[in-house]
Amino acid sequence: MRWTFEIDGEITSTPTVVGNHVFVGGQDHHLYSLDSKSGRLLWKAHTGHQMYGRPVVDQSKVFCGTSGGVVLAFDLWSGQELWRCHGDGAVRCRPAVAQGIICFSTQAGSLLAASAETGELLWQASVGGGGMACPVVFQDKVYHVGGDGALRVVALQTGEILNSWSKNAKLFSTPAVDEQVVYVGADDGAFYAIERNSGSTLWQAQLGSAANAQPLLSNGLCYVGAWDGVLSALVPATGQVKWRFQTHGRIYSNAISSKRGIMVTSMDGNVYALTPRQGKLKGLFQNSSPMKGAVSECGSSFAVGGMDGTLQAIQFSQFHRGWSAENTHAMGSRYTQRADLLFPGKRSANLGQAQSRAIQKPEPKPAHVDNNISLQTVAPAVPAPVQEAPEATFGLHSVSAEVSQEEVTFSPTVMSGGMVADTAAELASPPSVEVTEVSLDFSQQAQRIFRGGPSRTGVFSTQPVTQMEGCRWKFGQRGEFHASPIVDNKTVFCGNDDGSFFAIDLLTGDLKWSFQAGDQIRSTAALTDALVVFGCDDAYLYALNRESGALVWRFHAGDWIRSSPVISNDTVFFGCDDQHLYALNAHSGELVYKRPAQDWVRSSPAMVGEHLFFGSDDGHLYSHSTASQEDLWSFSTGKSIRCAPAFSGGNVLFGCWDHHLYALSSESGGLRWKFNAEGIIYNSPAVVDQTVYIGGGGGFGYLFAVRLSDGSLEWKFQTGGSVRSSPAIAGNMLYFGSFDGSLYAVERSSGEEKWRFPTDGPIYASPAVSDGLVIVGSKDGYLYALS
């Protein structure tokens with residue numbers, strides 16, 4: 001492997017390679033520029049929202065669209081923001097740039113054009129609802145497929161709709177355009193060749209399923225991938241199928257033509273290299289996770305991003321060559337294991353024969369809650385703002401850029417939600433606390449928090465679920481679950497990426513109440529007898545009445561809050577992306593003090609007595625006294641620390657992005673041992689009975705059992721995807737999720753799998769165990785209760 005680079009969030013777009021630069025964006029609200037030869041970070045820029053579409057480069061500018069409805073332009077060399085243009089809805093597709101104009105579509109159903117030089121909006125046209133297709137510019141026209149399934153031709157300079165064509169099926173994909181023909185796929189598997197001037201159908205072919213990827217015209221053929229995992233090569237003049245090749249997962253992205261052949265990615269986690277004319281397998285690369293974006297040529301290598309947040313530059317020598325039933329195991333069992341997880345019971349070793357089988361299309365997810373779970377949203381009482389915090393400082397967000405060997409830093413000011421402050425008056429507005437007068441009883445600080453308690457060991461004092469009978473209920477409305485559930489008094493508390501926070505009956509799955517925050521919630525809540533407290537990407541820490549969901553107070557910090565709070569002596573402690581650790585009064589939400597770091601604080605602090613232990617993206621693990629408000633010691637690793645440290649027997653245990661699990665003395669901060677976990681550690685350790693459990697192994701998806709005494713390995717267990725879910729312990733059982741979509745139950749003494757439960761999406765959240773149930777959220781948008 002030539003190099004790897006990891007971000008905090010999925011990479012769902014295709015990397016763009018221009019000269020010695022690789023540009024890529026993801027769900028961590030940043031656009032990155034990397035050196036194509038080494039993978040070294042040149043600069044990163046804050047986009048304010050998630051990026052789904054591929055970055056586009058024109059001359060000295062880089063353009064990208066975001067889920068916040070904003071298109072931004074950055075300087076190619078420094079990453080400095082040049083301008084931003086606001087649309088009327090999320091921009092999920094790549095823009096198109098031609099003749100000094102940038103065109104982009106929104107999920108609100110508009111096609112817009114702006115000046116590529118200034119970002120000034122030139123025109124806006126209605127194109128029939130938001131779809132998945134990107135605009136394509138050919139000569140002086142824009143070709144776009146709208147959410148209503150019609151293909152429209154729009155004048156580039158004026159926005160006038162020149163033609164609108166519909167077919168028997170709903171058109172769906174980004175079109176490919178040449179001098180005479182537009183090639184486009186439909187949502188029922190039909191594929192059309194349409195005469196470019198008249199809109200008449202020249203021919204129609206039938207694929208196995210819908211295709212939303214842009215077709216590739218190369219080598220005298222038209223290559224198109226579909227959701228059934230088949231890449232088809234069609235004759236452009238007639239639509240005749242030249243060959244078909246079957247993968248083990250959906251194909252979301254376009255194929256590319258390279259000197260190594262036709263390259264295509266699949267949600268089975270593989271990059272395929274095929275011969276252009278016959279579709280025979282030349283080589284296969286097993287990526288660390290499923291891929292939605294396409295592969296890009298990067299000099300003599302290929303750049304590809306995965307849903308585990310890893311961007312890799314791979315060389316063709318790393319591709320396994322050929323495929324047969326005999327060499328299936330030689331090419332890696334991880335591939336066939338992943339195929340089974342994606343498509344249970346549908347393994348085929350003979351992938352070289354594309355027509356050998358058809359993959360079963362997954363059933364669509366119903367937009368309702370199972371088992372008669374009420375969908376009624378209970379709106380909490382919204383209190384009137386009462387007062388602001390007496391002391392508040394707005395946190396600025398600096399975008400760091402590295403050019404050659406010199407560091408260049410510039411600091412656009414980012415408001416809540418990523419919006420740039422327009423005036424000095426906006427900057428003068430301090431973070432505030434809004435308070436409702438509620439009687440709070442803190443006489444019993446029986447708190448329930450992330451990782452089972454203030455020491456964050458991940459141990460749950462309840463009966464384990466050694467055999468799974470099934471799913472008792474599942475709950476879902478909108479949004480993925482990244483935050484972990486907290487269970488207390490027969491109630492499950494959890495937030496999701498839609499910004500909704502839920503209280504759910506543990507035994508029935510019925511909704512008790514819900515609260516709507518301003519952005520996605522990835523901070524796991526902390527509970528007291530009176531409150532439920534959690535952070536949000538809208539930069540607020542919320543405190544709700546745990547019985548009714550009514551807002552008690554909220555505190556505005558300077559950036560995302562993904563750290564999970566801990567509460568002690570009527571004080572709430574949490575970290576923030578504005579590079580501070582905060583301490584707030586739990587009764588009022590007023591600031592007690594804040595302690596600066598040198599980078600994001602996403603680590604959830606562990607608390608032992610008056611001592612806090614927390615990590616930062618500045619590469620340090622800190623021991624902090626809440627009594628003196630001073631640090632006692634710090635330990636440097638050089639890489640980000642985002643997990644919640646665990647405390648056990650005088651040891652502070654934590655994982656780091658340098659691939660190591662560390663054990664430090666809690667008194668002095670001295671290193672006792674470190675263990676190589678074979679990949680970036682995103683999750684938090686669990687510890688009990690002199691054994692530490694941690695996920696690692698990168699895309700190979702290992703869970704390790706490590707001896708607390710000396711850091712030696714007891715056993716390791718492999719899943720089919722990256723392990724970012726922190727393990728939960730109940731009795732002799734371990735429960736954790738994987739990016740292969742399954743929740744695993746493993747015997748902690750032996751590492752033997754007892755059962756697994758598959759979901760329809762990667763599992764990022766950590767499970768909770770209570771009352772004979774294992775509760776876990778998935779990126780498929782559901783919260784599951786397993787018994």
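This passage describes a four-stranded sheet, the cavities, and the surroundings of strand S60 in a predicted model. Local features required pLDDT of at least 70 and side-chain atom pairs pLDDT 80 or more, whereas totals for chains, interfaces and linings use all residues. Residues are numbered from 1 along each chain as its sequence is written, and side-chain values use heavy atoms, without hydrogens and water.

Strands (DSSP E runs of at least two residues, numbered from the N terminus) were taken as paired where DSSP finds at least two bridges between them. An open antiparallel sheet is formed by four strands in the order S14-S15-S16-S17. Its edges are S14 (136–138) and S17 (161–165), each paired on one side only. Within this sheet, S15 (residues 141–145) is joined to S16 (residues 151–155) by five bridges, with Tyr143 opposite Val153.

Strand S60 (residues 702–707) has five of its six residues buried (under 20% relative accessible area, 1.4 Å probe, protein chains only). It pairs antiparallel with S59 (residues 691–696) over six bridges and with S61 (residues 713–718) over five. Leu703 stands opposite Gly695 of S59 and opposite Phe717 of S61. Five residues separate the strands of the S60 and S61 hairpin, where Gly711 takes a positive phi near 80°.

The whole structure holds five cavities of 30 Å³ or more. A cavity is a set of points on a 1 Å grid over the protein atoms alone where a 1.4 Å probe fits but cannot get out; lining residues have an atom within 4 Å of a point. Volume is the space filled by probe spheres set on the points, which are joined across faces, edges and corners. The largest cavity has a volume of about 390 Å³. Of its 24 lining residues, Arg522, Arg562, Arg642, Tyr682 and Tyr764 are the closest to the centre.

Note on methods:
On a 1 Å grid over the protein atoms alone, a cavity is a set of points where a 1.4 Å probe fits but cannot get out, and a pocket is an open set with protein on both sides within 12 Å along at least five of seven lines; lining residues have an atom within 4 Å of a point. Buried means under 20% relative accessible area, exposed over 50%, partly exposed in between (1.4 Å probe, protein chains only).
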